[in-house]
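Hi,

Here is the structure I promised to pass on. Have a look at it first, and then read my notes below.

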Amino acid sequence: MTAPDPNAAKTNDLINWLVSRGLAGAEKEELLDGYCTRLVDMGVPLMRFHAAQSALHPVYGGTGYSWYQGRGGDYQKFEYSEDVSEDWQQSPLFAILNEDVEVVHERMVDQNEPSRFPLINDLRESGATEYYARGVTFDVPTHNAPRDAKKPVDGVLLSWTSNAPEGFRDGDLELINTALPHLGLALKSASNARVSKDLMRVYLGREAGRRVLSGEIRRGSLQQIDAVIWNFDLEGFTSLSEELPGSEIIDMLNDYLAVAVGVVHDNDGNILKFMGDGLMAMFDVGEIDEDARAALKAVPMLQERIRTLNEERSAAGLPVANFTLALHAGEILYGNIGSESRLDFTVIGPAVNQTARIASMHRSLGQRILISDDVAQAAMPCSQDLISVGRYMLRGVAEPKELFTVYNG
């Protein structure tokens with residue numbers, strides 16, 4: 001009887017673990033850390049492991065994960081910008097991606113000449129004896145793709161480095177290569193989940209994105225909540241948009257909206273939607289008194305950050321703008337509205353309409369910040385000094401509303 005192959009048993013154990021963690025939806029960090037730890041436990045002399053992958057994200061174009069052997073392993077995560085750096089262009093992984101190279105394999109114990117890759121030379125100085133890199137492609141090119149089409153970038157590029165006196169053994173690389181498709185599949189699963197979360201958060205907002213991913217996708221699924229609504233608009237933006245080139249208008253709008261979004265998020269609010277040169281946000285942090293205090297706490301922060309932005313833009317010779325802000329509290333319906341083929345996760349209800357009515361009174365009252373009596377009463381005791389600007393009838397509202405503004409001293 002033939003004795004069982006211990007290497008085959010090790011490989012199967014690693015493959016089974018990768019498949020089980022991939023099916024369980026493990027995060028990429030957990031997958032890679034567990035993968036490297038298991039390689040070492042199996043006797044693979046792994047000094048360093050690196051994985052690079054493109055990312056569908058509005059800020060950075062790719063992510064990198066490096067694992068270093070040590071006490072329990074030292075794990076690092078990197079986020080790469082869209083700009084192509086010189087280090088990246090001179091790396092082995094860049095060669096695999098852009099040249100007719102499937103594998104970069106260098107045994108430093110067998111060569112005296114420096115490598116053409118600065119990274120490998122640096123690793124050698126750190127005690128590395130062997131470097132092995134290759135990629136796993138997620139999407140196979142179609143048969144009718146143009147011949148000169150670039151190698152697809154949807155996949156993951158990986159490298160393994162050893163510092164053992166003789167480098168990797170043949171069985172080590174065989175284990176790595178046999179388990180590689182399973183590692184790629186598990187990473188693809190983790191990446192798809194991460195992309196979904198990132199895009200949902202960016203396009204729908206943190207809370208709405210989380211709820212959609214959790215399964216709230218049926219038309220008419222609404223939740224009734226008490227919250228404070230923020231209605232932010234840039235003042236004088238319409239006239240500026242007629243005077244400035246389109247690219248400058250977009251840059252300017254992004255500058256101011258980035259400030260407003262940052263303030264909302266810093267005070268645990270959620271962006272509901274962008275509306276031209278403004279946005280609507282919601283504060284739902286707990287009970288209505290907590291919502292009101294959070295929304296009011298954000299007001300002086302917004303004033304200060306807009307003031308700083310205007311100083312910076314003025315110093316750079318760029319046009320500046322001011323803002324208006326309306327706050328109202330009440331009962332809203334939060335959820336999916338639309339048609340079967342196109343839904344919007346948003347808010348509706350009388351409180352939303354009344355916030356818009358309050359926002360329409362900025363010019364007539366000469367106040368940039370208007371706060372309803374519902375917010376003022378809910379926030380008491382309040383750290384801000386609120387000043388009444390009178391009681392007014394709002395269109396479509398039966399009873400008059402007392403409106404307040406903030407005292408700036």
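What follows is a short tour of the aromatic pairs and of one charged patch.

Please keep in mind that this is a predicted model.

Let me begin with the aromatics. Searching the whole structure turns up six aromatic pairs. In one of them, Y132 and W160, the ring centres are 5.7 Å apart and the planes meet at 40°, so the pair counts as tilted. Y132 belongs to strand 5 (residues 130-137) and W160 to strand 6 (residues 155-162), so this contact ties together parts that are 28 residues apart in sequence. Y132 is buried because its relative accessible area is 6%, below the 20% cut-off. W160 is buried too, with a value of 0%. Y132 and W160 also belong to one aromatic cluster, together with Y35 and F49.

Another pair to look at is F232 with F323, which is stacked: 5.8 Å from centre to centre, with 25° between the planes. This pair links distant parts of the chain, since F232 sits in strand 7 (residues 222-235) and F323 in strand 10, 91 residues apart. Both F232 and F323 are buried.

Strand 10 (residues 322-338) also holds E331, and that brings me to the surface. There, E331 gathers with D226, D284, E287 and E290 in a patch of negative charge. Is E331 buried or exposed? The answer is in between: E331 has a relative accessible area of 44%, so E331 is partly exposed.

Happy browsing, and best wishes!

Key. Residues are numbered from 1 along each chain as its sequence is written. This is a predicted model: local features need pLDDT of at least 70, side-chain atom pairs count only at pLDDT 80 or more; totals for chains, interfaces and linings use all residues. Side-chain values use heavy atoms; hydrogens and water are left out. Patches are made of residues with over 30% relative accessible area and no salt bridge: like charges are joined within 9 Å, nonpolar side chains (Val, Leu, Ile, Met, Phe, Trp, Tyr) within 5 Å. Accessible areas come from the Shrake-Rupley method with a 1.4 Å probe; for residues, only the protein chains shown count as cover. A salt bridge is a side-chain nitrogen of Lys or Arg within 4 Å of a carboxyl oxygen of Asp or Glu. Lys and Arg count as positive and Asp and Glu as negative; His and the chain ends are not counted. The place of a charge is taken as NZ of Lys, CZ of Arg, CG of Asp or CD of Glu. Helices (H or I, at least four residues) and strands (E, at least two) are DSSP runs, numbered from the N terminus. Buried means under 20% relative accessible area, exposed over 50%, partly exposed in between (1.4 Å probe, protein chains only). Rings of Phe, Tyr and Trp (its six-membered ring) pair if their centres lie within 6.5 Å; planes under 30 degrees apart count as stacked, over 60 as edge-to-face and the rest as tilted.
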